[in-house]
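Me: I'd like to learn how to read a model like this one, feature by feature. Can we start with the metal site and work outwards?

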Amino acid sequence: MKTSKISIKDVIKNYESILFDSYGVLFDGLKPIDGSIELINHLNKINYNYFILTNDASITDEERSKIFINQGLNISREKIISAGSLIFNLIKKENFFEKKCFVYGTKSIKNDLRNKGIKLLRNSEIEKAEIIIFSDVEKWPTIENLNKLLNFFYKKYSEKKFIKIILPNPDIIYPIGNEHFNFGAAAFIDMLEQAIFRIFGKNIQYKVIRLGKPYEMIFEIAKSRCKSNKIIMIGDQLETDILGANNVKIDSALVTTGINTTKKKITIDKTAKNLLPKFILESIRL
Ligand SMILES: [Mg+2]
């Protein structure tokens, strides 16, 4: 497969559904990216099938839609598929309803899960947890709490009680506007994972269930909601958007202009095969 250039007009003409990454493609974390408002208005006007695939798990899809709309991006809640919304899909799929569940995350994510019928442990009840969900970095990753969690996992695993860890957003960092980044929950979960492996060895029954891009679940849900198989993923990250699309055999286009979330110079010729986009999209301007 050779990577070639494509325009957004040809994307719309040649495909029947578009999956957009949010940060770095439509939105920079603070404001819409040039051309994105006009593009979304156009797609809405022609009733084009599109979805936003975001790894963010800090707010509900309804709240995200409100933020988009306030910024001029007229994206309804039904068009958003976030890693946060996959928590419920996973609990349903694995039939975890009866498990004792503890969530580190925002109030809105906790309320959303409660509204969907999932019973959550209170802050003081973490010792009882069978599942821990790390949906955001809200308050918990202090050095004291990380040490506490490490020793909590050590105690449980020594007793062969294996807690399931759910990480909706596998991104280590996320952008805040141009040229500024914050750590995501994954950075701290990766660290805890390394520590557990260091103590027990890698063969322990310890497993973090990662949900967002590049993992399959978010793409499979998106595919099931698209009207045809002529689907393309548009993203700015090879390791999440492009790899994930390639894994589920969806065509992909890498956005290279506007505000990119990486400073790495992308040399397509040297890119591993599974990270190779089908197209380069130099701009999302119509
Ligand atoms: Mg992105």
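Me: Which residues coordinate the magnesium ion?

Reply: Donors here are N, O and S atoms within 2.8 Å of the metal (3.2 Å for Na, K and Ca), and water is not among the atoms, so sites may look incomplete. In this case, Asp 21 (OD), Tyr 23 (O) and Asp 236 (OD) coordinate the magnesium ion at 2.1 to 2.2 Å. Keep in mind that this is a predicted model, where local features need pLDDT of at least 70, side-chain atom pairs count only at pLDDT 80 or more, and totals for chains, interfaces and linings use all residues. Residues are numbered from 1 along each chain as its sequence is written, and side-chain values use heavy atoms, with hydrogens and water left out.

Me: What spacing do the donors of the magnesium ion follow along the chain?

Reply: The pattern is D-x1-Y-x212-D. Tyr 23 sits in the loop between strand S2 (17-21) and helix H2 (36-45), while Asp 236 is in the loop between strand S11 (231-235) and helix H9 (238-247), so the pair links parts of the chain 213 residues apart. Those labels are DSSP runs numbered from the N terminus: helices are H or I with at least four residues, strands are E with at least two.

Me: Are Tyr 23 and Asp 236 buried or exposed?

Reply: Buried means under 20% relative accessible area, exposed over 50%, and partly exposed in between (1.4 Å probe, protein chains only). Both Tyr 23 and Asp 236 are buried.

Me: Now salt bridges. How many are there by the rule used here?

Reply: The rule asks for a side-chain nitrogen of Lys or Arg within 4 Å of a carboxyl oxygen of Asp or Glu. That gives 15 salt bridges. One of the metal ligands, Asp 21, is linked with Lys 213 and Asp 241 in a network of them.

Me: Which residue forms a salt bridge with Asp 10?

Reply: Lys 13 does, with the closest N and O atoms 3.6 Å apart. The two are three residues apart in helix H1 (residues 8-14), so about one helical turn separates them. Asp 10 is partly exposed at 31% relative accessible area, and Lys 13 is exposed at 64%.

Me: What about Asp 28 and Glu 62: which partners do they have?

Reply: Asp 28 meets Lys 31 at 2.9 Å, N to O. Asp 28 counts as buried at 3%, whereas Lys 31 is partly exposed at 44%. Glu 62 pairs with Arg 77, their closest N and O atoms being 3.1 Å apart. Glu 62 lies in helix H3 and Arg 77 in the loop between H3 and S4, so this bridge ties together parts 15 residues apart in sequence.

Me: And the sheets? What is the order of the seven strands in the open sheet?

Reply: Strands of a sheet pair through backbone hydrogen bonds, either parallel or antiparallel. Pairing here needs at least two bridges found by DSSP. The seven strands run S1-S13-S12-S11-S2-S3-S4, with parallel pairing. Strands S1 (4-6) and S4 (80-82) are the edges, each pairing on one side only. For a close-up, three bridges join S12 (residues 251-255) to S13 (residues 279-281), and Val 255 has Leu 281 as its bridge partner.

Me: Which strands make up the open sheet of four?

Reply: That one has the order S5-S6-S7-S10, also with parallel pairing. Its edge strands are S5 (101-104) and S10 (208-210). Three bridges join S7 (residues 164-167) to S10, with Ile 165 partnered by Val 208.
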